[in-house]
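I have opened my notebook to look around a structure that is new to me. Come along and read over my shoulder.

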Amino acid sequence: MLALIAILLGLCFGSFLNVLIIRTPMDKSVIFPPSSCMSCGNKLRFYHNIPLISYIFLRGKCGFCGARISMIYPIVEAVSALFGFFIYLRFGFSFSALFIGISILLLFALSVIDLKTKEVPDSINFSALIFGLIGGILYYGDFLYIVGSAFALAGFFTLLRFAFQSLAKKEALGEGDIIVVATIGALVGWKIALFAIFLSALFALIILLILSKKDYKIPYIPFLFLGTLPCLFFTSFFNNLLMNYFFQV
Ligand SMILES: [Zn+2]
């Protein structure tokens, strides 16, 4: 029963993420006006707006003009519902799970926006950080460790960024990436966050090799997000790794 509620919460939040994904890069309000078709401008009725179900029922077309609706929206909703389920499995049904879940879903929206537009809206980025901080503090019960992790990682990567800029005369990490790194620190603590960042760099490297792109201008936030997921859901595995191989002197 609780799992079902978690899935439905994820689904509804996924529907809101779609609004964020469409409107935030255009600097539009996410609350007003209500959703309308981007082709014909007709306001959507409530039964056009039910997550996933409307898309299937309308066969991916606008109910008024028949314009195709992008597959991205039902995918975002389905993935959000899955996150609802996995967050519940990992963190239970609690306030900390709610805050951590919202933070993760906001990072997910940020990844989609970064992929689509190569933009990183600060409003979503800082919201993810704040929800991550509150969720992390509630879950781990250690205010200093969580806040310290976020600040230490942000500080370290800001230094790294300046060093790289002055040495290589190239942009390495964006400011947006650094806030995401701070959020990862808040969600899993700085030690596990280093694994997340290592994994994200590994994934990005693999994709760069596959695409064999010469320029390094690939969006990095989706990779940070992907690297964070195993660390968030299998924290004890990475903890054991740390204990057994890294801190054994
Ligand atoms: Zn339409």
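These entries go from the domains to single residues.

**Entry 1: the domains**

I began by noting that this is a predicted model. Next I looked up how the chain is divided. The domain assignment gives domain 1 as residues 1-93 and domain 2 as residues 96-249. I then checked how far apart they sit, and their C-alpha centres are 25 Å from each other. For the contact, I counted 17 residues from domain 1 and 23 residues from domain 2.

**Entry 2: the interface**

How much area is buried between domain 1 and domain 2? I found about 1900 Å², and carbon and sulfur atoms give 83% of that. On the side of domain 1, I asked which residues lose the most area to domain 2. They are Phe83, Arg90 and Phe91, which together make up 34% of what that side buries.

I went on to search for charged and polar pairs. My search for salt bridges across the interface of domain 1 and domain 2 came back with zero. For polar contacts across this interface, I noted three residue pairs.

Then I looked at which elements of domain 1 do the touching. Helices α1 (2-23) and α3 (72-91) are the elements that give two or more residues to the side facing domain 2. Of the elements on that side, α3 gives the most, with 10 residues. I also sorted the residues of this side by type, and they divide into 13 nonpolar, three polar and one charged.

**Entry 3: Ser111**

My next stop was Ser111, which I found in helix α4, residues 95-117. Is Ser111 buried or exposed? Its relative accessibility is 4%, so I wrote it down as buried, the cut-off being under 20%. I wanted to know what its side chain meets. A polar atom of the Ser111 side chain lies 2.8 Å from the backbone oxygen of Leu107. Setting aside neighbours within four places in sequence, I listed Ile221, Pro222 and Phe225 as the contacts of Ser111.

**Entry 4: a salt bridge**

How many salt bridges does the rule count? I got one. It joins Glu175 and Arg161, whose closest N and O atoms are 3.9 Å apart. I traced both ends: Glu175 belongs to helix α7 (residues 175-211) and Arg161 to helix α6 (residues 143-168), with their positions 14 residues apart in the chain.

The two ends differ in how they are covered. Glu175 has a relative accessible area of 58%, so I noted it as exposed. Arg161 comes to 10% relative accessibility, so I noted it as buried.

While I was in helix α6, I also looked up Ala152, which has its place there. Its relative accessibility is 46%, so Ala152 counts as partly exposed. I took one distance from it as well: Ala152 and Ser103 are 49 residues apart in sequence and 19 Å apart in space, C-alpha to C-alpha.

**Entry 5: the loop between α1 and α2**

I kept the backbone for last. Most residues other than glycine have a negative phi, and most peptide bonds are trans, so I went looking for exceptions.

Which form does the peptide bond from Phe32 to Pro33 take, cis or trans? I found it to be cis, with omega near -5°. Pro33 sits in the loop between α1 and α2 (53-57).

Asp27 caught my eye next, with a positive phi of about 60° although it is not a glycine. I placed Asp27 in the loop between α1 and α2. At 76% relative accessibility, Asp27 is exposed.

Leu52 also has a positive phi of about 60° without being a glycine. Its place is in the loop between α1 and α2. I read a relative accessible area of 25% for Leu52, so it goes down as partly exposed. Which residues does Leu52 contact, leaving aside its neighbours within four places in sequence? My list reads Leu11, Pro74, Glu77 and Ala78. As a last distance, I looked up Leu52 and Leu211, which are 159 residues apart in sequence and 32 Å apart in space, C-alpha to C-alpha.

Key: Residues are numbered from 1 along each chain as its sequence is written. This is a predicted model: local features need pLDDT of at least 70, side-chain atom pairs count only at pLDDT 80 or more; totals for chains, interfaces and linings use all residues. Side-chain values use heavy atoms; hydrogens and water are left out. Domain bounds come from an automatic or database domain assignment. Contact means heavy atoms within 4.5 Å. Buried area is the accessible area (1.4 Å probe) that two parts lose on being put together, summed over both. A salt bridge is a side-chain nitrogen of Lys or Arg within 4 Å of a carboxyl oxygen of Asp or Glu. A polar contact is a pair of N or O atoms within 3.5 Å; within protein, one must be able to donate a hydrogen and the other to accept it, and residues adjacent in sequence count only if both atoms are side-chain atoms. Helices (H or I, at least four residues) and strands (E, at least two) are DSSP runs, numbered from the N terminus. Ala, Val, Leu, Ile, Met, Phe, Trp, Tyr, Cys and Pro count as nonpolar, Asp, Glu, Lys and Arg as charged, and the others, Gly among them, as polar. Buried means under 20% relative accessible area, exposed over 50%, partly exposed in between (1.4 Å probe, protein chains only).
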